[in-house]
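These notes are meant for a colleague who is opening this structure for the first time. They go point by point, and each can be checked against the display.

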Amino acid sequence: MAVSSTYAPAGAPRPVALPPGYGAMPAPAASAVPAALAGATMGTTWSARLALPPGLAPAVARAAIQQALDGVVAQMSTWDDASDLSRYNRAAQGWQTLPADCFHVLRHALRLAADTGGAYDPTVGPLVNAWGFGPPPHASEPPAASAIDALRQRCGWQRIRLDEPARRAWQPGGAYLDLSAIAKGYGVDRAARALDDAGVTRYLVEVGGELRARGWRPDGRPWRVAIEVPDGSDDHALALALQGGGIATSGDYRRYRHAAGGRYAHTLDPRTGRPVDNGVASVTVVHDEGCMQADALATALTVLGEREGLAYARQHRLAALFIVRDGTRLRLAASEAFAALAAA
């Protein structure tokens, strides 16, 4: 499928039916049992479509996925006062020991923050809360400029140091980590790992519209996911075949708030402390390593904007699709790696 330069009429990618005759069609294993599972997590829903191996009951597979996701919430949720991340955020200055998964995600988040010059920054939590996108209570109006300036003093990825041998993170005092832009993607990866451990080799697992695939569908066809048009219409801009890796989208059209000053989206630019307003409606990233990488990168590229974001994607050979507001229409801009996937 070619990536067109414009699309008139965002976005979380969602699985769609594969047209008959698409691609190669190996015969499905006779023992495969198709299953569709679902549940709730992270303030949203999860779903999985898979081929169950012999002896694995759907209830067991569902429990494995739910347990994996519950573990991510218990470690990384800012909405749960008992989570390990909340414990870190409340701590006084000093070293804080973190569980393995949380430390792994934070390490990746800090590396991406450094690599993007702070366009992605896990320390942006105080600003997320001030703009009304964190846990309640929520202010009725956007923060004043003076409040933003004060909160920015508590932010900055450079303030966080890691002690890898001891699995500790330095709390400089007042730091408030928010891993929302990466933890959901990591949750998808953990759910996928739970299926791997259960012996499932063909699945498409999704949390809040972020997905990871392995193998083929139970009928032998490739998994296929659609990328939404970022206007709330549930229309699709295009669809991709996905046999491995993860796909995630950051968009401005599902999570936003209204105030006297107008409408503002949930994605903040950590470098200014204010919501992104650069014309980017959504960014979708496909990543071979997993959904954690795709999730955080989609946010970083949204903040960087079309020009800098595409340059970053090309430099790092990322498969990224930007949907940009251009007057009254939406325009697609894809990296070469994404265009190659779409054309496959």
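1. Asp 295 lies in helix H7, and the model in which it is seen here is a predicted one. With a relative accessibility of 5%, Asp 295 falls below the 20% limit and therefore counts as buried. Its side chain reaches the backbone nitrogen of Gly 185 at 2.9 Å. Setting aside residues up to four places away in sequence, Asp 295 touches Ser 180, Ala 181, Ile 182, Ala 183, Lys 184 and Gly 185, and also Glu 210 and Ala 248.

2. Which residues are covered by the UniProt annotation "binding site"? According to that record, which is an unreviewed entry, they are Ala 181, Asp 295 and Thr 299. Although these positions are spread over 119 residues of sequence, they cluster in space, the largest C-alpha distance being 6.7 Å.

3. Thr 299 is placed, like Asp 295, in helix H7, which runs over residues 291-315. Its relative accessible area is 14%, so Thr 299 is buried. When neighbours within four places in sequence are left aside, the residues in contact with Thr 299 are Tyr 120, Ala 181, Ser 250 and Thr 267.

4. Ala 181, the remaining annotated position, belongs to helix H6, residues 180-197. Is Ala 181 buried or partly exposed? Its relative accessibility is 21%, and because buried means under 20%, Ala 181 counts as partly exposed. Beyond residues up to four places away in sequence, Ala 181 touches Tyr 120 as well as Asp 295, Ala 296 and Thr 299. Tyr 120 thus appears among the contacts of Ala 181 and also among those of Thr 299.

5. The form of helix H7 deserves a careful look. Its 25 residues would reach 36 Å in a straight helix at 1.5 Å a residue, but the C-alpha atoms at its ends are only 20 Å apart. A bend of about 130° is found in H7 at Gly 305. Of the 25 residues of H7, 19 are buried, so the helix is largely enclosed by the rest of the structure. After H7 comes Arg 317, which has a positive phi near 55°.

6. Helix H6 also holds Arg 190, which at 18% relative accessibility counts as buried. The side chain of Arg 190 makes a polar contact with the side chain of Asp 101, at 3.2 Å. Leaving aside neighbours within four places in sequence, Arg 190 is in contact with Ala 68 and Val 72 in addition to Asp 101.

7. Two positions in strands may be taken together. Gly 245 lies in strand E12, residues 244-251, and is counted as buried at 7% relative accessibility. Apart from residues up to four places away in sequence, Gly 245 touches Leu 211, Arg 212, Ala 213, His 287 and Asp 288. Gly 245 and Ala 294 are 49 residues apart along the chain, and their C-alpha atoms are separated by 9.0 Å. Ala 239 is in strand E11, residues 236-242, and is buried, with a relative accessible area of 11%. From Ala 239 to Glu 228 the separation is eleven residues in sequence and 8.9 Å in space, C-alpha to C-alpha.

8. How many disulfides does the structure hold? The number is zero. Cys 155 counts as buried at 13% relative accessibility, and Cys 291 is buried with a relative accessible area of 0%.

9. Some backbone features in loops should be inspected as well. Pro 136 and Pro 137 are joined by a cis peptide bond, with omega about 10°, and Pro 137 is placed in the loop between helix H4 (125-130) and helix H5 (145-152). Met 42, a residue other than glycine, has a positive phi near 55°; it is found in the loop between strand E3 (33-41) and strand E4 (44-52), and it is partly exposed, with a relative accessible area of 29%. Arg 167 is not a glycine either, yet its phi is positive at about 55°. Arg 167 sits in the loop between strand E6 (162-163) and strand E7 (168-171), and counts as partly exposed at 36% relative accessibility.

Note on methods:
Residues are numbered from 1 along each chain as its sequence is written. This is a predicted model: local features need pLDDT of at least 70, side-chain atom pairs count only at pLDDT 80 or more; totals for chains, interfaces and linings use all residues. Side-chain values use heavy atoms; hydrogens and water are left out. Helices (H or I, at least four residues) and strands (E, at least two) are DSSP runs, numbered from the N terminus. Buried means under 20% relative accessible area, exposed over 50%, partly exposed in between (1.4 Å probe, protein chains only). Contact means heavy atoms within 4.5 Å. UniProt positions are given in the numbering used here, feature names are shortened, and annotations may be inferred rather than shown by experiment. A polar contact is a pair of N or O atoms within 3.5 Å; within protein, one must be able to donate a hydrogen and the other to accept it, and residues adjacent in sequence count only if both atoms are side-chain atoms. A disulfide is a pair of cysteine sulfur atoms within 2.5 Å. The expected span of a helix is 1.5 Å times one less than its number of residues. The bend at a residue is the angle between axes fitted to the seven residues ending there and the seven starting there.
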